[in-house]
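Me: I've got a model open and want to go through it with you, one question at a time. Can you walk me through what stands out?

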Amino acid sequence: MMDKRFWICGIVVGMAALICGFLVHGLLLRADYQALAELYRSQEEASARAAWILPAYALLGLSMTWLYRRMPASDGVDLARGARFGLAVALVSYVPWHLLVFVGQPLPLSLMLRQVALDLVAMVLLGMLLAWLQPHRRGLVPPP
């Protein structure tokens, strides 16, 4: 059910994913990407398409929330369960994607490995955030 809690959790996770993406790809790996600028769109082309970033991260947050809510509810906050969930999502999304891009684009192995490691950590943290938000809970405030 897509109730108010679903939308709030999905948007919060999407915003957190946007922040993680900026930290990983906009700050930590920025110099690597700049050194390989000839492999990517120009700054002008990328800026013209930047509006697609918001729906991408909104979709990530909402879909992760939807998947997490499909799991049986747990008693209270279970951060380990959230970490496992984030790991599973990373292993079916970001990790294979980076491996496939590595095959098709002449990126250094070291960059691909750092992308995988950093995005894997980000996804585990997003899973833990979902566990903390408890999207299964019916109300916005936990019962006393």
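Me: Leaving aside neighbours within four places in sequence, which residues is Thr65 in contact with?
Reply: Contact here means heavy atoms within 4.5 Å. Keep in mind that this is a predicted model, where local features need pLDDT of at least 70, side-chain atom pairs count only at pLDDT 80 or more, and totals for chains, interfaces and linings use all residues. Residues are numbered from 1 along each chain as its sequence is written, and side-chain values use heavy atoms, with hydrogens and water left out. With neighbours within four places set aside, the partners of Thr65 are Phe6, Cys9, Gly10, Val13, Leu130 and Pro135.

Me: Where is Thr65 placed, and is Thr65 buried or exposed?
Reply: Thr65 has its place in helix α4; helices are DSSP runs (H or I, at least four residues), strands are E runs of at least two, and both are numbered from the N terminus. Buried means under 20% relative accessible area, exposed means over 50%, and partly exposed is in between (1.4 Å probe, protein chains only). Thr65 has 0% relative accessibility, so the verdict is buried.

Me: What does the secondary structure of the protein come to?
Reply: Reading along the sequence gives the pattern α-α-α-α-α-α-α. The tally is seven helices and zero strands.

Me: What share of the contacts with a separation of 6 or more comes from residues 24 or more positions apart?
Reply: For some scale, the C-alpha trace spans about 55 × 30 × 20 Å along its principal axes. Buried residues make up 36% of the 144 residues. Of the contacts with a separation of 6 or more, the share from residues 24 or more positions apart is 82%.

Me: How many salt bridges are there?
Reply: The rule asks for a side-chain nitrogen of Lys or Arg within 4 Å of a carboxyl oxygen of Asp or Glu. Arg69 and Asp3 meet that way, at 2.8 Å from N to O. Asp32 and Arg114 do too, at 2.9 Å. By this rule the count is two.

Me: How many residues apart are Arg69 and Asp3, the side chains that meet in a salt bridge?
Reply: Start with the pair itself: the side chains of Arg69 and Asp3 form a salt bridge. Arg69 sits in helix α4 and Asp3 in the segment before α1, so to speak distant parts of the chain, and the gap between them is 66 residues.

Me: Is Asp3 buried or exposed?
Reply: Its partner Arg69 counts as buried because its relative accessibility is 15%. Asp3 has 16% relative accessibility, so Asp3 counts as buried.

Me: How far apart in sequence are the parts tied together by Asp32 and Arg114?
Reply: Arg114 is partly exposed, given its 33% relative accessibility. The side chains of Asp32 and Arg114 meet in a salt bridge. Asp32 lies in helix α2 (residues 30-35) and Arg114 in helix α7 (residues 109-133), so the parts tied together are apart in sequence by 82 residues.

Me: Which element gives the largest share of the nonpolar patch?
Reply: Patches are made of residues with over 30% relative accessible area and no salt bridge, with like charges joined within 9 Å and nonpolar side chains (Val, Leu, Ile, Met, Phe, Trp, Tyr) within 5 Å. Met2, Trp7, Ile11, Met15, Trp66 and Leu67 make a nonpolar surface patch of about 640 Å². The elements giving two or more residues are α1 (4-28) and α4 (53-70). The largest share, three residues, comes from α1.Me: Is Ile11 buried, partly exposed or exposed?
Reply: Ile11 is found in helix α1. Its relative accessibility is 48%, so Ile11 counts as partly exposed.

Me: What distance separates the C-alpha atoms of Leu67 and Trp97?
Reply: Leu67 has its place in helix α4 and is partly exposed, with a relative accessible area of 40%. Leu67 and Trp97 are 30 residues apart along the chain, and their C-alpha atoms are separated by 19 Å.

Me: What value is phi of Gln134 near?
Reply: Gln134 lies in the segment after α7 and counts as buried because its relative accessibility is 18%. Its phi is positive, in a residue other than glycine, and is near 50°.

How values were computed. Accessible areas come from the Shrake-Rupley method with a 1.4 Å probe; for residues, only the protein chains shown count as cover.
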